[in-house]
Structures are given as C-alpha cells and as structure tokens.
Amino acid sequence: MRSVRRDRALATDDQGSMAILLLVVLLGLMLGAVLVPMVVTTSRASAFDKTRVQALDAAQAGIDVTLGGIRAGVTAGVGDSTRLPCGPGSGSVNTASIARYDVVVEYFVTDPRSEPYPSTRAMRCIPGYGTYDSATGRTTPAFARITSVGSVGTPANGSSPSRTLTTTYVFRTSNVNILGGLLMLEGTPSLCADAGGAAPTEGSIPVLRACTSASPAAPQQVFAYRSDLTLQLVSSITNAYPNGLCLTPARTPAVAGDAVKLLQCGPLGSPASYTQQWSYNDSANYQAAQADSATTGNLPNLCLNAVSQAAGQSLVVGGCGNVWRPTAAVGPGAAALPQWINFAEFGRCLDVTYQDVNYAFLISYPCKQNPFPAAKLWNQLFTAPSLAGVVSATGQIYTTPVANGTKYCLTSPGTAGGYATVRPCITGSAQQTWTLYGGDASLSYSTKYTIVNGSTCLGLGPVNAAASFSSTIVVKSCTGATDQKWNAVANTLNPAQRDTFER
C-alpha cells in the first residue's frame, strides 16, 4: 500500500512540473515580444551613432586636405597666393569608403569671426591667379575660413547623412600689405599712369590712360611706392629686370620738359640714381630729388607731370602743378616714426588737416616724404610714449607746428564715432591720455598696435570730400579691425588654426 501511494504522489508531482514549464515558456514568449523592438531600436541607434561619427571624421578630413593645400601654396619656399586652393572641393575619405567631404574655403583680409556664412566680404579667389580683395586692392589674405560638410551617403536606417565643421586658419605673413596701386591724377575723367603693357621694355615712356576699373587692376597701372622713394611698376619684375622698372627722368640731373621713362630700378634701398626718388609733398605732388637732397632735404621745383591732362599724354618732368591722388595700396614710401601709418590704408598717415590745428577733424592722408627724414612736414609727425621694451605705454601724443612751437595733443572727443582733433596739450587731461600697444606676443591680435583712449580706439571714419576725399580720423569701439591698427610691423599674425566648431 505504501508503494502505490508513493507512485500516485510522484504522478501528481509530474503534473505540477508541466504547468510550471508551460508558464515559463509563456513568460519567455512575452519577454521576447518586448525585447525584439528594443533590440531593433538599439541596432538603429548604433548605426545612427556610427554614421554620425563617420560623417564627422569625413568633415575633419576635408579640413585637413584643404589646410594641406594652403600650406603647400609656396614658390621657392615663399608663400604664393596664386597657388592657394580656391575651391569648392570634394573627395572621398578613401577608395573603399562611402564617407566623403565637400569643402568651401573663403579668404579674408580681416578677421572673419563675426562674418556670416557665406560672406560677401570674402576675397575673390581665381584658380591660377589667386586671391584679390577689391575693397583694398590686396592680394595676400590674412585669414582663411574653411567649411567642410562630411557625409556617409543616405543610410536606409534613418541615420543622419551629414555633419558640418568650420575652422579659421590665420596666415603668417612677412607683410600683410603687399604694395601695388594706382597713380591717379586728380581731375575728370579719372586718369592714371599707364606703362602700356604688363611687361614693357626698358626705356618705355608711360602715358595717361583712363584708370582701370578691372578687379584686380590692370597690371600696367599698378605701381609700388617703395621705402627708397622709387615708383616701381610691379609687373616689371622679371628675369630680365630682377629689380623691376622705375619711373625715371630721361636725364641726370633732370630738367623741366624731360620725358619720364621706365628704367631699371636699383636694388631696394639703393636707387640707380637719385633722380628715381620722388617725394610726395603737402601739395599732393611727386617732387623730384637733386644731388644733395638726402643730406639737406632741398628739393628742386620739378615734379612728376604730364604734357597735358588728357588720355594718351606722356609723363614728363615739369612744374609742380599736377595733383596726384594715389590709392592707399601704392604704399607708404619711406614713412616711419614719428609718422603713424594706418594698417588698413597702408599708404596713408595720421595728418593734421591742411596744417590747421583748429580744423574739425584729422585725416588719413598719403604719407609725406623727403630723402632727408628731418625735412618732413610737422603735420604728420606725432611724438608718442616709447614702446621700446614694453608691452604698452600711456601718455600724450603730440605734434609741434614749426610756426609757434606750441605742443598740440591728439584729443579724443570722448564719444565713440566722434572726430579726433589736436588741441593745446593740458597736463592730466583724460581726453589727451592714450595707451599704445605694440606687437608683444602676450597680446591678443585684436589688441596689438592699437591706440586706446578709455574704451575707444583710434580708427578711420567716413571719407570727407572737403579734405581731398581722405578718410577722417575718429574713435570707435575697439574691435581689432585693421583700420584701428597703427604702425603694425611685419608678422603681425602668427600661423594658427582656431575657432573650430560644428555648425
């Protein structure tokens, strides 16, 4: 009897195990139904994340390739703007990958940090010719902004197809401002000195022609006012004429009526003849030199002139009657401290308008010259605290008219947008106290070479027709713009990649 009961008990236990098994199976099916969507969702999310990473890597690859092209833009070891990549560009990350990039590169003469994308202020870039800024005439950029879109096809699983990276590259330049502008004769119509061709032969006689409206300017009208006071045709620098051709009177010493020819320049700093030197004077003439000009400052009453003010007329040496209005890009000649050269208008200097200390504003005027530096006119000579060996210096900035010997200090209007003037110096005057910053490496680019009064910086204001169409001098909020920089030396900018972000 005990044996039968034991068998029945065992049978009852087996029936209970089957029920539990069925319950476990049912629970497993229910859990599986819940987990399958979760697994599918996780798979899609993983694919999404993987594609986004690949797209970001592709965008970075586009930036790297473009930076490589920029850094490779050299000729004989020197940066060559004609070899800069213009874009747009595109490519695959590798031959086996569906990841690709599309790149746009924009070049600027000023910091593009606040510029929208794309910017209408970007320089023109022509493959094989290079960069050109129509507003300033410059051919050398200071910044490149690279925008790269990385993509990985159009995945069927719904992941993002693209990501966009932007970065700014700061160029290192030996001279941000490359000389080369128009020698314009004042009058209507606008006439300019013209060499007749981009590569004239020695002995050619320049004439007056309608000023080029091309952008960039026609090379036969592009001259550089060099630091030895020579006027060089920029395009004439060739293997045949390694120092280029300069405007030169036909005879030495020059005589009124002599033709002005294009003759070989001497090496920079050593003109082939003193007659190749031209001093831009206070009457807007290019005045010739004589044998003792470099030691006495004396200049003859002979100037760069034209037979008559009409197209086709030859340039000659004559009386000092023709008024020349060179574009700022022609250059500052031999301007140097205590002259203050504006960085944006780099052929122009801080100037007391019409030598009148009571005038309502100062101007940025073509830098005045003389082979003898001590003979330069007082109204462009401003004594300032020395920056030698220091990061900044604070004090008054003044000029001294020869007629009365009184010091007149640079004076702020105290309000952004107002005109700067010169007024008799007053000790302790807040409006006459300026802080000057040099190019010390500890300074940010926006601070370098600025002249600051309170919270405002000395810069350029609107052009004024009553002041020979010169830019006025104002104070404005400090932004680091090039018009707020004065006497900036070569290598203002150091090479760097910055402002990298995802759009």
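Strand β14 (residues 245-249) pairs with β15 in the antiparallel sense, over 5 bridges. The model is predicted. Both strands belong to an open sheet of 4 strands in the order β12-β13-β14-β15. In the protein chain as a whole there are 2 helices and 30 strands.

**The sheet β12-β13-β14-β15**

- Pairing in this open sheet is antiparallel.
- The edges are taken by β12 (223-225) and β15 (260-264); each has a single partner strand, so one side of each is left without a neighbour in the sheet.
- From one strand to the next, the twist averages 40°.
- Within the β14 and β15 pairing, L245 has Q264 of β15 as its bridge partner.
- Strands of a sheet pair through backbone hydrogen bonds, in either a parallel or an antiparallel arrangement.

**The chain overall**

- Of the 503 residues in the protein chain, 45% are buried.
- Contacts between residues at least 6 apart in sequence join residues at least 24 apart in 58% of cases.
- The exposed area of the protein chain is about 23500 Å², and carbon and sulfur atoms supply 57% of it.

**Nonpolar cores**

- The largest nonpolar core has 33 residues.
- Inside this core, the residues with the most contacts are L183, L247, W278, Y286, L304 and W324.
- Leaving out residues up to four places away in sequence, Y286 touches L183, Y225, L231, W278, S279, Y280, L302, C303, L304, W324, P326 and V330.
- Another core, of 20 residues, lies apart from the largest one and has W340, W378, A420 and W486 among its members.

**Aromatic pairs**

- A search of the whole structure gives 10 aromatic pairs.
- In the pair of Y107 and F171, the ring centres are 6.3 Å apart and the planes stand at 40°, so this pair is tilted.
- Y107 lies in strand β4 (residues 99-108), while F171 lies in the loop between β8 (162-170) and β9 (184-185), so the pair ties together parts that are 64 residues apart in sequence.
- Y107 is buried, at a relative accessible area of 1%.
- F171 also counts as buried, at 11% relative accessibility.
- The rings of Y225 and Y286 have centres 5.6 Å apart and planes at 85°, so they form an edge-to-face pair.
- This second pair links Y225 in strand β12 with Y286 in strand β17 (residues 286-288), so it ties together parts that are 61 residues apart in sequence.
- Y225 and Y286 are both buried.
- One aromatic cluster is formed by Y225, Y280, Y286, W324 and Y365.
- Of these cluster members, Y286 and W324 are also listed among the residues with the most contacts inside the largest nonpolar core.

**The loop residue A360**

- A360 sits in the loop between β20 (348-351) and β21 (363-366).
- The relative accessible area of A360 is 47%, so this residue is partly exposed.
- With neighbours within four places in sequence left aside, A360 is in contact with Y419 and T421.
- A360 and V422 are 62 residues apart in sequence, and their C-alpha atoms are 9.0 Å apart in space.

Notes: Residues numbered from 1 in each chain as written. Predicted model: local features only at pLDDT ≥ 70, side-chain atom pairs only at ≥ 80, totals over all residues. Heavy atoms only, no water. Pairing = 2+ DSSP bridges. Axes fitted to C-alpha atoms, helices over the stretch in contact; angles between N-to-C directions. Buried < 20%, exposed > 50% of the residue type's maximum accessible area, 1.4 Å probe, protein only. Contact = heavy atoms within 4.5 Å. Areas by Shrake-Rupley, 256 points an atom, 1.4 Å probe, with all protein chains shown as cover. Core = buried A, V, L, I, M, F, W, Y, C linked by side-chain atoms within 4.5 Å. Phe/Tyr/Trp six-rings, centres within 6.5 Å; stacked < 30°, edge-to-face > 60°.
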